[in-house]
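The following exercises concern the packing of secondary structure and the pockets of one molecular model. Please work through each task with the sequence and the structure in view, then compare your reasoning with the solution.

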Amino acid sequence: MFAGRENELKILNCVFLSKRQESVLIYGRRRIGKTELIKKAIEDFDGEYIYC
């Protein structure tokens, strides 16, 4: 279940839809779901991205 991150997902989607080349830095305490947020944000994204 993925809940409570609608605002963050909206911000990431705006960045994804931007015509400019942009980088995104996601930081925070450990074990708060940063990786899951990224995975959820790129589920429906059909552009190019680098995931390390």
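**Exercise 1: The helix contact**

Task. Identify the residues through which helix 1 and helix 2 meet, and sort them by class.

Solution. The model is a predicted one. From helix 1, the residues E8, L9, L12, N13 and F16 take part. Their partners in helix 2 are L37, K40 and A41. Sorted by class, the residues of this contact comprise five nonpolar, one polar and two charged.

**Exercise 2: The helix geometry**

Task. Determine how helix 1 and helix 2 are oriented towards each other, and state the hand of their crossing.

Solution. Two quantities are needed, since a pair of packed helices is described by the angle between the axes and the distance between them. Helix 1 spans residues 6-17 and helix 2 spans residues 34-41. Their packing angle is about 50°, and their axes lie 10 Å apart. An angle under 35 degrees would count as roughly parallel, and one from 65 to 115 as roughly perpendicular. Helix 1 and helix 2 are therefore classed as oblique to each other. As to the hand, helix 1 and helix 2 cross in a right-handed manner.

**Exercise 3: The largest pocket**

Task. Give the volume of the largest pocket and describe its lining.

Solution. The volume of the largest pocket is about 680 Å³. The lining consists of 21 residues, of which F16, E22, V24, Y49 and I50 are the closest to the centre of the pocket. At least two lining residues come from each of helix 1 and helix 2. Helix 2 makes the greatest contribution, namely four residues. The classes in this lining are 13 nonpolar, four polar and four charged residues.

**Exercise 4: The second largest pocket**

Task. Carry out the corresponding description for the second largest pocket.

Solution. The second largest pocket holds about 190 Å³ of space. Its lining has 13 residues, and those closest to the centre are R5, E8, I26, Y27 and L37. Helix 1 and helix 2 are the elements that supply two or more residues to this lining. Here helix 1 has the largest share, with three residues. By class, eight of the lining residues are nonpolar, two are polar and three are charged.

Definitions and conventions
Residues are numbered from 1 along each chain as its sequence is written. This is a predicted model: local features need pLDDT of at least 70, side-chain atom pairs count only at pLDDT 80 or more; totals for chains, interfaces and linings use all residues. Side-chain values use heavy atoms; hydrogens and water are left out. Axes are lines fitted to C-alpha atoms, for helices over the stretch in contact, and angles run from 0 to 180 degrees between N-to-C directions. Angles under 35 degrees count as roughly parallel, over 145 as roughly antiparallel, 65 to 115 as roughly perpendicular and the rest as oblique. A crossing is left-handed if the near helix is turned anticlockwise from the far one by less than a right angle, and right-handed if clockwise. Contact means heavy atoms within 4.5 Å. Ala, Val, Leu, Ile, Met, Phe, Trp, Tyr, Cys and Pro count as nonpolar, Asp, Glu, Lys and Arg as charged, and the others, Gly among them, as polar. On a 1 Å grid over the protein atoms alone, a cavity is a set of points where a 1.4 Å probe fits but cannot get out, and a pocket is an open set with protein on both sides within 12 Å along at least five of seven lines; lining residues have an atom within 4 Å of a point. Grid points are joined across faces, edges and corners, and a volume is the space filled by probe spheres set on the points.
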